[in-house]
Amino acid sequence: MDERKIMQVKQRYGIVGNCEGLNHALDIAVQVAPTDVSVLIVGESGVGKEAIPRVIHDNSARKHNKYFAINCGSLPDGTIDSELFGHRKGSFTGAVDDREGYFGVANNGTLFLDEVGELPLATQARLLRVLETGEYIRVGESEIRKTNVRIVAATNVNLQKAIKEGKFREDLYYRLNTISITVPPLRERGKDIERIFKKFAIDIADKYSFEPIRLTPDACELIQKYKWPGNIRQLRNITEQLSIISEEREISADTLMKYGITDDTKGEPGLVLHSGARDRQSDAEVHTYESERDLLFMMLSKIGNEVKGLKEFIQSNLETQNRGTDIYTVFNEDNMPIQKPVYNQPIYPSGVSVINDHEYQQSQNMPPVEVEVVNETPLSNKELMKKNIIEALRRNKGNRKKAALELGISDRTLYRKIKSYDLDL
Ligand SMILES: Nc1ncnc2c1ncn2[C@@H]1O[C@H](COP(=O)(O)OP(=O)(O)OP(=O)(O)O)[C@@H](O)[C@H]1O
Ligand SMILES: [Mg+2]
């Protein structure tokens with residue numbers, strides 16, 4: 001392992017930690033970078049998969065060419081083929097011009113296909129072809145085109161399970177999986193948890209010019225015992241919430257517990273999370289959680305009534321400090337309300353991002369997103385969901401993409417819900 005190189009990578013991409021699993025993942029990324037082989041990055045939601053394709057691109061011979069990050073989960077089924085492979089003018093309603101498509105414009109560069117498990121089967125077939133032969137056909141055309149694109153894909157779902165269910169092509173899985181890199185969950189990172197907490201505490205303190213929060217010894221112990229179902233994203237959200245809301249700069253285990261951080265080593269039947277990356281990628285029949293929303297919901301169910309108290313606590317603090325909002329209500333796929341912190345991590349604005357170095361660095365420091373607190377009312381989950389959709393659309397002037405981002409659901413889920421609730425919008 002080239003330790004110096006790995007240290008440089010960590011510094012350049014703001015990756016904190018020194019545990020074996022992280023170093024191993026970065027080592028493979030650096031080693032595989034100069035080749036053209038496809039790489040599949042696996043790991044739970046929020047573990048830090050998105051930095052890896054960038055590391056691979058920047059350490060390859062393609063580094064001066066284009067790098068595109070595409071979130072397959074947020075491209076609507078109807079346009080995904082044309083986004084990726086291009087189309088000819090007039091090939092479908094709305095195709096007012098020729099479109100090159102990412103496989104065309106990324107020629108000689110790298111395409112990062114995030115949430116690759118979300119690709120529709122027809123698109124998977126096209127992707128397999130381009131991976132095997134470098135050939136593709138634009139929508140509405142018969143002419144075969146050539147491209148030379150390196151593919152890095154990522155997923156937080158169990159693709160083998162998706163294969164069994166007929167949702168993902170087995171041949172594509174093996175083609176993408178030439179090399180796989182597993183990014184370990186936060187709970188397996190030992191002392192790194194504290195190091196990452198410190199980084200986030202310092203970042204936010206610098207931003208708003210206040211003293212960084214620190215953990216008491218019992219709080220340090222507690223964060224090692226908690227499962228962190230939302231991984232580093234969850235750690236960052238909690239650190240930012242505490243930094244802003246807590247009057248005390250020294251955070252105790254008791255305070256952390258108010259935020260749902262519990263000693264999970266004691267175990268509670270029925271709520272034990274089996275979402276390790278190894279389980280997710282294996283055939284084992286374990287209960288897995290397919291999205292961070294499910295994981296957060298499980299976590300919040302666990303703290304049950306404490307959530308209400310916590311909300312009141314936060315809201316009253318916010319009112320007195322007049323510092324904006326920090327929690328809003330969203331719904332998971334089962335229409336169950338969950339609380340989300342206001343600080344979104346960088347997400348692709350429209351499902352796709354073309355990033356240069358400068359923008360990439362900036363994207364790591366996105367400002368907080370302002371979202372109104374949704375007051376609790378005795379409405380059913382469905383009614384609450386409808387209400388939130390209507391309000392999110394209103395706030396975003398009818399822009400469905402932005403509303404979906406704000407609600408923490410995919411575009412497709414939002415379209416589905418608008419349709420199923422028969423909302424006249
Ligand atoms: N080692 C680390 N040190 C500091 N910050 C990190 C580290 N790893 C991840 N992060 C931060 O944690 C957040 C979540 O990471 P990222 O978006 O890469 O997760 P992900 O694995 O892609 O999750 P998902 O599957 O939900 O898309 C990001 O803000 C990222 O910058
Ligand atoms: Mg991601």
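Asn 231 lies in helix α11 of this predicted model. Its phi is near 55°, a positive value in a residue other than glycine. Most residues other than glycine have a negative phi. Asn 231 counts as buried, because 25 C-beta neighbours lie inside 10 Å and the cut-off for burial is 20 or more.

A positive phi also occurs at Ser 209, near 50°, again in a residue other than glycine. Ser 209 is found in the loop between α9 and β8. The surroundings of Ser 209 are sparse in number: 6 C-beta neighbours fall inside 10 Å. Ser 209 is therefore classed as exposed, since 12 or fewer such neighbours suffice for that class. Asn 231 is buried, whereas Ser 209 is exposed.

Ser 209 follows helix α9, which runs over residues 192–208. The 17 residues of α9, at 1.5 Å a residue, should span 24 Å. The C-alpha atoms at the ends of α9 are 25 Å apart, which agrees with that expectation. Buried residues in α9 are Ile 193, Ile 196, Phe 197, Phe 200, Ala 201 and Ile 204. Viewed down the helix axis, the buried residues of α9 fall within an arc of 135°, so they line one face of the helix. The cover over these residues includes β8 (214–215), α10 (217–225) and α11 (231–245). Helix α11, which holds Asn 231, is thus among the elements that cover the buried residues of α9.

The largest nonpolar core has 72 residues. Within this core, the residues with the most contacts are Ala 29, Ile 41, Ile 52, Leu 111 and Leu 235. Helix α9 gives the largest share of the core, 6 residues. Both domain 1 (3–183) and domain 2 (190–303) give residues to this core, so it lies between them. In soluble globular proteins, nonpolar side chains tend to be buried together. Around Leu 111, contacts are made with Phe 68, Ile 70, Tyr 102, Ala 106, Val 149 and Ile 151, leaving aside residues up to four places away in sequence. Another core, of 10 residues, lies apart from the largest one. Its members include Ile 389, Ala 392, Leu 405 and Leu 407.

Ligand 1 has 21 residues around it. Those that come nearest are Ser 45, Gly 48, Lys 49, Glu 50 and Asn 156. Two or more residues of the shell are given by each of α9 and α11. The largest share, 3 residues, comes from α11. Helix α9 therefore takes part both in the shell around ligand 1 and, with 6 residues, in the largest nonpolar core.

Helix α4 covers residues 77–85. Ile 80, Asp 81, Ser 82, Glu 83, Leu 84 and Phe 85 are its buried residues. These pack against α5 (102–105), α6 (121–133) and β4 (135–137). After α4 comes Gly 86, with a positive phi near 90°.

The loop between α4 and α5 contains Asp 98. Asp 98 has 15 other C-beta atoms within 10 Å and is partly exposed. That count falls between the limits for exposed, 12 or fewer, and buried, 20 or more. Asp 98 touches Arg 88 and Lys 89, residues up to four places away in sequence not being counted. From C-alpha to C-alpha, Asp 98 and Ser 82 are 10.0 Å apart in space, with a sequence separation of 16 residues. Ser 82 is one of the buried residues of α4.

Thr 255 lies in helix α12, residues 253–258. Like Asp 98, Thr 255 is partly exposed. The residue has 19 other C-beta atoms within 10 Å, and burial requires 20 or more. The C-alpha atoms of Thr 255 and Ala 219 are separated by 8.5 Å, although the two residues are 36 apart along the chain.

Over the whole protein there are 19 helices and 12 strands. Of its 425 residues, 40% count as buried. Among contacts with a separation of 6 or more, 74% join residues 24 or more positions apart.

Notes:
Residues are numbered from 1 along each chain as its sequence is written. Chains are lettered from A and ligands numbered from 1 in the order in which they are written. This is a predicted model: local features need pLDDT of at least 70, side-chain atom pairs count only at pLDDT 80 or more; totals for chains, interfaces and linings use all residues. Helices (H or I, at least four residues) and strands (E, at least two) are DSSP runs, numbered from the N terminus. The expected span of a helix is 1.5 Å times one less than its number of residues. The arc is that of the directions from the helix axis to the C-beta atoms. Two residues are in contact if their C-beta atoms, placed from the backbone, lie within 7 Å. A nonpolar core is a set of buried Ala, Val, Leu, Ile, Met, Phe, Trp, Tyr and Cys residues joined through C-beta atoms within 7 Å. Domain bounds come from an automatic or database domain assignment. A residue is near a molecule or strand if its C-beta atom, placed from the backbone, lies within 6 Å of it.
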